[in-house]
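Q: I have a model open and would like to learn how to read its features. Could you walk me through them?

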Amino acid sequence: MAETDVLLFWVALGAYLVSTIVYTLFFAFQKPTFLWTARGGMALGFVAHTIAILGRAVQVGHMPVTNLYEYVSLFAWAVVLGYWVIVWKVRKPLLGPFVAPVAFTMIVVASLFPKDANQQLVPALQSYWLQIHVTLAVLGEGAFAVAFAASVTYLMKSARPGGIALAGSVTSLLLAGIFLALWNKLAPLAVLRGGAVLPFVLGTVLLSIPFFGAQVALANGIRKKLPDLDQLDEIAYRGIAIGYPLFFIGALLAGAVWAHHAWGKIWGWDPKEVGALVVFLIYSAYLHARSSHGWRGQRAAVLSVLGFAAAIFTLFGNLVLGGLHAYN
Amino acid sequence: MNAGAEALAPEGAGRPTGPASRAWHWFVSIKVGLILLLIITILSFLGMLVPQGGDEAQYVEKYGQAGASLVLALGLDNAYHSWWYQVALLVLAVNITACTIWRMPRAVRTAFRRQWLEPDRIQALALKKSAVVAASPDQTASRVRDALKSGRYSVQERQSGEALLFSATRGGISRLVATIVHIGLVVTLLGGVYGGRSGWSKLVFGAPGETVASPDGTFDVRVDAFKVLTNADGSIKDYISSLTVLEGGREVLKQDVEVNKYLHHRKVNIYQSSYSALPERFASARLRVQWPDGRVSEPFDAPYGEAVEVPGSPMKATVESFAADFRIDTETRRAYSASLEPRNPAIRVNLVEGERDLGGQWVFLNRGGVHPHEGAPQVEFLAYEPLYATGLDFAHNPAVPIVWAGFALMAVGVLPMMVLMTHRRIWVAVMPDGGRARLVAGGAVNKHREIFQREFYRLMDGVESGKEEAGRGGN
């Protein structure tokens, strides 16, 4: 099984790619054949991905979540699982064109990391809490990803003329800045003084391309083909309603119990712990705002996008922030 | 947005009148809670970006002098223990407590009190249906009963004049979900504060054979053995400390402690936290002797403090001292280890040939002697096997059960979210209308109105038509 699980991983990646492309075609031409082909691709990818993960779990003797390849791969799998759950709950097939690219992006990111199987865990990870803590957290993040896809679509559909391009430019500027700053160990000014102006500008331009692409697409009548705003709002809410308890119990509660079990500290202000707290706080704000304060639509969608951005930052932040949760 | 809910329990009840009352209402509002959540989110994020607990030199290296000064002045180097973070947390805790106390009575009332609405009040609800049913009042009542029960509603009925009233409710407990989560959060925070004030932890190192005292003085712990197990590739497999708990010199408990397996005794937990090579002792050294005439002995192992024979000679060698980070005190001329790190390992070896003491010499690892004696055999220090002391973290936290209770409450509170649990209420009045029945129905839900609306109309349309399509609850 040593090689088979990686082979199946590549099959899943290919299937998600095909699904993403065909979903885009369905979105453009609205032909049912494309829809069923895309869903078939997603299903095939999901089955291959599931067998790959289970195969590796059997091979290594524990849940495969002990390096970035395994974790991000499981994250991509959870995104697709979240998609199926939401489709089953809401019974709307319209979400695929927006979730498939997220799943595909995640699995591509996973593919960039070394795929060695860790049969022997480091002492700190030799605990059943690993399965509970990480698995529940990643399932929650998968549901958040579906909510994110719905919220981004919501923002696209409800954007004013030029709004996507403007928001995209600002976001790209920030993302490029944060990326460079993190890459250079959090000293933004030193980065720019050190001659990183060109990468910063190039990064901003590259990141802006999808936003401008979306803007052009909207200007060409795509807006009408996007799902109904109320449905998108409901899907985003459902995704968060499912992800929030899973993430909260898995990342925060189970994490704290495990930390007490292993280190004698329930909470240690480790960067990953704080990151999980930030994610929890943002989604808490979303739920409070939506259910008690009447916040729906754009403002709720912005909070949903921010929550997912924080989850991604928390996931990869360890690469530069270090801490007790850093992957080797 | 909540169909009918406003008409049943108007927010306007108990509106503030004076400035104090207005201030209180403002403080317990969701808006303030939201603002506090976002403020703490931003503050937490700031602390995440700046490495915590560093010293000034580290920040100067990272951010320059001005940046480091700013970090230190704002307390960002210790953000989560800074006054501004603690104040924000405290205000949030007070806000959550106040909101919970303020809203709980109404939440409990709404969850458990069954309300009865007369037809005119039912018709005032936002979500309603009115129809004349082509069936007798008894048949219609039976349909209503079946429909509501198949929708998993708790149904009660009573006669009011000519009208038969139904009051159906489902998921009332969901009204308490937010309250339960908030109580859990407050309990957890209180536990955290209590634990922070009354708990303690201390890292204690103990070499095998040593006995260390628990920091609270209630018992002692003897380290029987400490093993670092490795895999074939040299990576660490496990750290195991074999411990014996002693009370008044009497053995009361023996247990192996590992990273995920702590020892609990007298409300103190002992964790396998770290380990350190002893700076002035080791298990065994690998040595070789070279004679002035060029002969060289086979390498041999010399356990610390034991006299061992030098292969191919009548000599014996004894390692008398070890310093992992060798230094000489210039005043006393005494050698010592300047740190715990093996930066400059050296041993003092004494050679004896028969009854003749050839004297001792300090030898550096793979670098020869400090002051080699001319014409005397020279010892080479090739390698050594360190002796490790285990780092045991003694911890006492009386608040742990409180925190677990808080966690349990929060977990119980958030789980119903996954199934979008809502408090659904339906009121129906069935009245005679000639030979037929007049149906007046209305519903109210605390959230997810769209989902409830679909269910309400499905159920009531089923009653009107007499078809058995009602009842699949839905969500």
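Q: Which helix of chain B gives the most to the nonpolar patch?
A: Happy to start there, and do keep in mind that this is a predicted model. Helix α5 of chain B, residues 83-112, is the main contributor, with 3 residues. The patch itself covers about 470 Å² of surface and is made by B:M104, B:V108, B:F112, B:I173, B:I183 and B:L409.

Q: Where does B:I173 lie?
A: Look in the loop of chain B that runs between β3 (163-170) and α8 (177-198).

Q: Let's turn to the two chains. How many residues of chain A are in contact with chain B?
A: Chain A brings 55 residues, and they meet 47 residues of chain B. Together the two chains bury about 4600 Å², and 70% of that area is on carbon and sulfur atoms.

Q: How many residue pairs in polar contact are there between chain A and chain B?
A: There are 6 such pairs, counting those with both residues at pLDDT 80 or more. Three helices of chain A, namely α9 (229-263), α10 (271-292) and α11 (297-321), each supply at least two residues to the side that touches chain B. The largest share comes from α9(A), with 18 residues. By residue class, that side of chain A divides into 35 nonpolar, 14 polar and 6 charged.

Q: How many salt bridges does the rule find across that interface?
A: First the general idea: side chains of opposite charge can pair when their charged atoms come close. Across the interface of chain A and chain B, the rule finds 0 salt bridges. Over all chains, a search of the whole structure gives 20.

Q: Which residue forms a salt bridge with A:R238?
A: The partner is A:E234, and the closest N and O atoms are 3.5 Å apart. Because A:R238 and A:E234 are 4 residues apart in helix α9 of chain A, about one helical turn separates them.

Q: Where does B:D357 lie, and in which strand?
A: B:D357 is in strand β17 of chain B, which spans residues 356-364. A polar atom of the B:D357 side chain is 2.8 Å from the backbone nitrogen of B:G359.

Q: Leaving aside neighbours within four places in sequence, which residues is B:D357 in contact with?
A: With those neighbours set aside, B:D357 is in contact with B:N350, B:L351 and B:V352. You can also compare sequence with space: B:D357 and B:M315 are 42 residues apart in sequence, and their C-alpha atoms are 9.7 Å apart.

Terms used. Residues numbered from 1 in each chain as written. Chains lettered and ligands numbered in written order. Heavy atoms only, no water. Contact = heavy atoms within 4.5 Å. Buried area = accessible area lost by both parts, 1.4 Å probe. Salt bridge = Lys/Arg side-chain N within 4 Å of Asp/Glu carboxyl O. Polar contact = N/O pair within 3.5 Å; in protein donor to acceptor, adjacent residues only side chain to side chain. Nonpolar A, V, L, I, M, F, W, Y, C, P; charged D, E, K, R; others polar. Patch = residues over 30% accessible without salt bridge, like charges linked within 9 Å, V, L, I, M, F, W, Y side chains within 5 Å. Areas by Shrake-Rupley, 256 points an atom, 1.4 Å probe, with all protein chains shown as cover.
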